Amino acid sequence: MRIPSGVSGFDHLVQGGFLPERLYVLSGPPGSGKTTFTAQFVAEGLRNGENCLYVTMHESREELVEDMSSYDFGFETLATSDQFRFVNLTSKRAERLLSQSSGGSGPSSVQALSDKLVAFVNARDIERLVIDSTMLLDMFFAEGDAEMTRFLTALKSCDATTLLISEMTDPSAYADEHFLAHGVVFFHNYLEATGMTRGIQVVKMRGTDIDCDIRSLRFTDEGLVIDPTKRVDF
């Protein structure tokens, strides 16, 4: 069984889609397409009647919907579904919502947050989970790498197919999430005199025969479009 990404051309690179109930990291510099990719992933799930959860620390539901409304893949309409949940971890509502699943009073530590989030995902039968992003989680976790490792390990135990956004500008600088995840996808962009060249590269995906070359990625009215036949050299 494969989970379709909802991104045109991407599934050709990974034998038809993501393996279910696994953790995948999307890494790349700002503006490279990571958030748009996750929005298309969620939209695909909602079209298929799946329960989806988007977790962030830096924007509101309204901001995400407004940003994605410029595309034609219908996110603004699909996001009104009862099957879509949006949680900003810095809000009081997030503390109440997560505590309902575990009987606690709100996440006060990485262990509490991990337990509550996994319990919430499993109790609500969440099938697609997006977390944006590791940069903000680093600020949330006072003890740094050790807490991040515990959080990622907990994520791998939940029943959802999870996309975790990881901000990075140096594709050779691997972080803990790249080693712990079941799959890693890099987004590349390079500014030339003629404009911005963009690409996407599947670096790792367990249980999958992948294409590791950098393939062409474009922003279109339909969202991200990948040409699995066009190799990009940077």
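In the predicted model, the bridge partner of I200 in strand β8 is R215. This pairing belongs to the junction between β7 and β8, two strands that run antiparallel and are joined by two bridges. Strand β8 comprises residues 215-220, and R215 lies within this strand. On the other side of the pair, I200 touches F10, L13, F37, V185, F186, F187, D213, I214, R215, L217 and I226, when residues up to four places away in sequence are not counted.

The surroundings of R215 were examined further. With a relative accessibility of 11%, R215 counts as buried, because this value falls under the 20% limit. Leaving aside residues up to four places away in sequence, R215 touches L13, R198, G199, I200, I226, D227, P228, T229, K230, R231 and V232. Two polar interactions of its side chain can be specified: a polar contact with the side chain of D213 at 3.4 Å, and an approach to the backbone oxygen of P228, also given as 3.4 Å.

The strand pair β7-β8 is part of an open sheet of nine strands, arranged in the order β3-β2-β4-β5-β1-β6-β7-β8-β9 with mixed pairing. The edges of this sheet are formed by β3 (84-88) and β9 (223-231), each of which pairs on one side only. Neighbouring strands are turned against each other by 20° on average, direction ignored. Helix α1 packs on the sheet and touches β1 (23-28), β2, β3, β4 (128-132), β5, β6, β7, β8 and β9, and the direction of the helix makes about 165° with that of β5.

Both senses of pairing can be illustrated within the sheet. Strands of a sheet pair through backbone hydrogen bonds, either parallel or antiparallel. Strand β2 (residues 52-56) pairs with β3 in the parallel sense over five bridges, and within this pairing T56 has N88 of β3 as its bridge partner. By contrast, strand β6 (residues 183-192) and strand β7 (residues 195-205) pair in the antiparallel sense over 10 bridges. These two strands form a hairpin with two residues between them, and G183 stands opposite M205 in β7.

The nonpolar interior was considered next. The largest nonpolar core contains 38 residues, of which F10, F18, F37, V42, F75, F84 and I200 touch the most other members. Helix α1, residues 34-47, gives the most to this core, with six residues. A second, separate core of 24 residues includes L53, V121, A154 and L155. The residue I200 is thus named both among the core members that touch the most others and as the bridge partner of R215.

Charged side chains were then surveyed. Side chains of opposite charge can pair when their charged atoms come close. In this model the count comes to six salt bridges. One of these joins the side chains of E167 and K34, with an N to O distance of 3.3 Å. The pair links distant parts of the chain, E167 being in strand β5 (residues 161-167) and K34 in helix α1, 133 residues apart. The two partners differ in their exposure class, since E167 is partly exposed with a relative accessible area of 31%, whereas K34 is buried with a relative accessible area of 4%.

A salt bridge within helix α1 is formed by E44 and R47, whose closest N and O atoms are 3.1 Å apart. These residues are three positions apart in the helix, about one turn. Of the two, E44 counts as buried at 17% relative accessibility, while R47 is partly exposed with a relative accessible area of 43%.

A further salt bridge connects D233 with R231, the closest N and O atoms being 3.3 Å apart. Here both partners are exposed, as D233 has a relative accessibility of 62% and R231 a relative accessible area of 53%. In addition, salt bridges that share partners join D211, D213 and R215 into one network. R215 therefore appears as a buried residue at 11% relative accessibility that also takes part in this network, and its side chain makes the polar contact with D213 described above.

Notes: Residues are numbered from 1 along each chain as its sequence is written. This is a predicted model: local features need pLDDT of at least 70, side-chain atom pairs count only at pLDDT 80 or more; totals for chains, interfaces and linings use all residues. Side-chain values use heavy atoms; hydrogens and water are left out. A nonpolar core is a set of buried Ala, Val, Leu, Ile, Met, Phe, Trp, Tyr and Cys residues joined through side-chain atoms within 4.5 Å. Buried means under 20% relative accessible area, exposed over 50%, partly exposed in between (1.4 Å probe, protein chains only). Helices (H or I, at least four residues) and strands (E, at least two) are DSSP runs, numbered from the N terminus. Contact means heavy atoms within 4.5 Å. A polar contact is a pair of N or O atoms within 3.5 Å; within protein, one must be able to donate a hydrogen and the other to accept it, and residues adjacent in sequence count only if both atoms are side-chain atoms. Two strands pair if DSSP finds at least two bridges between them. A salt bridge is a side-chain nitrogen of Lys or Arg within 4 Å of a carboxyl oxygen of Asp or Glu. Axes are lines fitted to C-alpha atoms, for helices over the stretch in contact, and angles run from 0 to 180 degrees between N-to-C directions.
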